[in-house]
Amino acid sequence: MNNSTLYYGNINESLINFLQRESYSKLFILVDENTLSDCYPILNIDQAQIIQIESGEKNKTIHSCQSIWADLLKYKADRQALLINLGGGVIGDMGGFCASTFKRGIRFINIPTTLLAMVDASIGGKTGIDFMQQKNMIGSFTSPHAIFVDPIFLHTLSSRLLLSGKAEMLKHGLIANEAHFKSCLEVLKPDLALIKESISIKDKIVKHDPYEKGIRKSLNFGHTMGHAIESLALIEGEDLLHGEAVALGMILELKLSVLYAGLDSQLATNIIQDLSKIYGQVKLSPSYITSLIDRCENDKKNNSKGINFSLLGQLGQAQNNVSLSPDEILQIAMN
Ligand SMILES: NC(=O)c1ccc[n+]([C@@H]2O[C@H](COP(=O)([O-])OP(=O)(O)OC[C@H]3O[C@@H](n4cnc5c(N)ncnc54)[C@H](O)[C@@H]3O)[C@@H](O)[C@H]2O)c1
Ligand SMILES: [Zn+2]
């Protein structure tokens, strides 16, 4: 667990060296239509069988897994095969899950092609799919053998997708490093140095606590509400990216942090302003917050005491395991 090697920079150089060192019976590349057209041509790799699924969170489902497993079978993948996940977090999460379960597990590597997947989704060994409109309900902790981070893939990414990835970088700053938060606020397309800094914050945390028993929970800041916002959007067919949902989730959880984790209220207001300038305002009506609470009640992180949050006590410091009742959460719609 969590023994992935990270390679930075020129993808072809590091990938070719890696593949020459290891021995695999067959290579498979998992793509969606966008990474097939925009990212696959960048790779100098032949003799790999392409497996394609449709892009988007709505396809992060067991149906797509069935089609991936069927292709692996059809093209005779054995247990020495390698699955190369070429794409954003959806490809990485779902490809990792399919690899970790196919024939009781084949090896896989991640080549993240979105900013979000580079700084967050590829790192830390969480794989999975959505189930019954609940985010990441089925999955495993299985690490890729290697992760290849090359900003070359960011050239074809829209500003909207760059901002979505930046939300997770801002989160890394908020929970662990104020200076990183400030540096990320200032750029749209981060360079490799800033990407590395963000990865190292996450990597350090997950190495300490791979199975999320303690400090890893701090990475869930913004995600209890964020996942509820994302699930509701999914149900309503609304177009909302993961990072956008997390940014709105962080705004709500900053408000909760003031009420229940001792975060300075002026500081929270300033951060909320910074986030709202980029990601817009979050709805605060009691009916909307109530529907988010309903979604939260199925969250994997809950315990018998209530809905579980990782909040901020100070800038750069998370406070984990804050259990709140629906009434306590609803207070943010009352102020
Ligand atoms: N496993 C984890 O720890 C973890 C952490 C954070 C997020 N996630 C998951 O990651 C997912 C979100 O990831 P995402 O934002 O990368 O979404 P995504 O994988 O859906 O990619 C977003 C879009 O960008 C396209 N795309 C990908 N690379 C491109 C490129 N280089 N150029 C042009 N288009 C490109 C994709 O085809 C897709 O349409 C969510 O499902 C979330 O739950 C997982
Ligand atoms: Zn996230």
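Q: Is Asn321 buried, partly exposed or exposed in this predicted model?
A: Start with where Asn321 sits: it is in strand β10, residues 317-324. Its count is 13 C-beta neighbours inside 10 Å. The cut-offs are 20 or more for buried and 12 or fewer for exposed, with partly exposed in between. Because its count is 13, Asn321 comes out as partly exposed.

Q: What is the phi of Asn321 near?
A: Asn321 belongs to strand β10. Its phi is a positive value, and that in a residue other than glycine. The angle for Asn321 is near 60°.

Q: Why does Arg104 count as exposed?
A: Look in the loop between α4 and β5 (107-112), and you'll find Arg104 there. Its phi is positive too, near 65°, in a residue other than glycine. Exposed calls for 12 or fewer other C-beta atoms within 10 Å. Arg104 is exposed because the number of other C-beta atoms within 10 Å is 7.

Q: Which residue of β5 stands opposite Asn85?
A: Strand β4, residues 82-87, pairs with β5 in the parallel sense, over six bridges. β5 is mostly covered, with five of its six residues buried. Across from Asn85, in β5, is Asn110.

Q: Do β6 and β7 pair in the parallel or antiparallel sense?
A: Two partner pairs let you trace this one. Phe131 has Gln134 as its bridge partner in β7, while Gly128 has Gly139. Strand β6 covers residues 126-131, and its pairing with β7 runs over five bridges. The sense is antiparallel.

Q: In the hairpin of β6 and β7, which residue takes a positive phi near 50°?
A: The hairpin has two residues between the strands. On the β6 side, Phe131 is bridged to Gln134 of β7. The residue with that positive phi is Met132.

Q: Is Ala146 buried or exposed?
A: Ala146 lies in strand β8, residues 146-149. Leaving out residues up to four places away in sequence, it touches Ser4, Thr5, Tyr7, Phe18 and Ile109. A residue needs 20 or more other C-beta atoms within 10 Å to qualify as buried. Because Ala146 has 22 such neighbours, it counts as buried.

Q: How many Å apart in space are Ala146 and Leu15?
A: In sequence, Ala146 and Leu15 are 131 residues apart. Going C-alpha to C-alpha, the gap in space is 9.5 Å.

Q: How many of the residues of α10 are buried?
A: Helix α10 takes in residues 242-260 and reaches 25 Å from its first C-alpha to its last, close to the 27 Å expected at 1.5 Å a residue. After the helix comes Gly262, with a positive phi near 75°. α10 is mostly covered, and the buried tally out of its 19 residues is 17.

Q: What distance separates the centres of domain 1 and domain 2?
A: The protein splits into domain 1 (5-156) and domain 2 (159-333). Taken over C-alpha atoms, their centres are separated by 26 Å.

Q: Which element gives the largest share of the side of domain 1 that touches domain 2?
A: The contact uses 21 residues from domain 1 and 26 residues from domain 2. On the domain 1 side, α5 (115-121) and β7 (134-141) each supply at least two residues. By class, that side has 10 nonpolar, seven polar and four charged residues. The largest share, five residues, comes from α5.

Q: Which residues are the closest to ligand 1?
A: Ligand 1 is surrounded by 32 residues. Elements giving two or more residues to this shell are α2 (33-38), α4 (89-101), α5, β7 and α6 (159-176). The closest residues are Asn34, Gly88, Gly89, Val90 and Thr114.

Q: How many residues of the shell around ligand 1 are polar?
A: Both domains take part in the shell, with at least three residues drawn from each of domain 1 and domain 2. Its nonpolar residues number 10 and its charged ones eight. The polar count is 14.

Key. Residues are numbered from 1 along each chain as its sequence is written. Chains are lettered from A and ligands numbered from 1 in the order in which they are written. This is a predicted model: local features need pLDDT of at least 70, side-chain atom pairs count only at pLDDT 80 or more; totals for chains, interfaces and linings use all residues. Domain bounds come from an automatic or database domain assignment. Two residues are in contact if their C-beta atoms, placed from the backbone, lie within 7 Å. Helices (H or I, at least four residues) and strands (E, at least two) are DSSP runs, numbered from the N terminus. Ala, Val, Leu, Ile, Met, Phe, Trp, Tyr, Cys and Pro count as nonpolar, Asp, Glu, Lys and Arg as charged, and the others, Gly among them, as polar. A residue is near a molecule or strand if its C-beta atom, placed from the backbone, lies within 6 Å of it. The expected span of a helix is 1.5 Å times one less than its number of residues. Two strands pair if DSSP finds at least two bridges between them.
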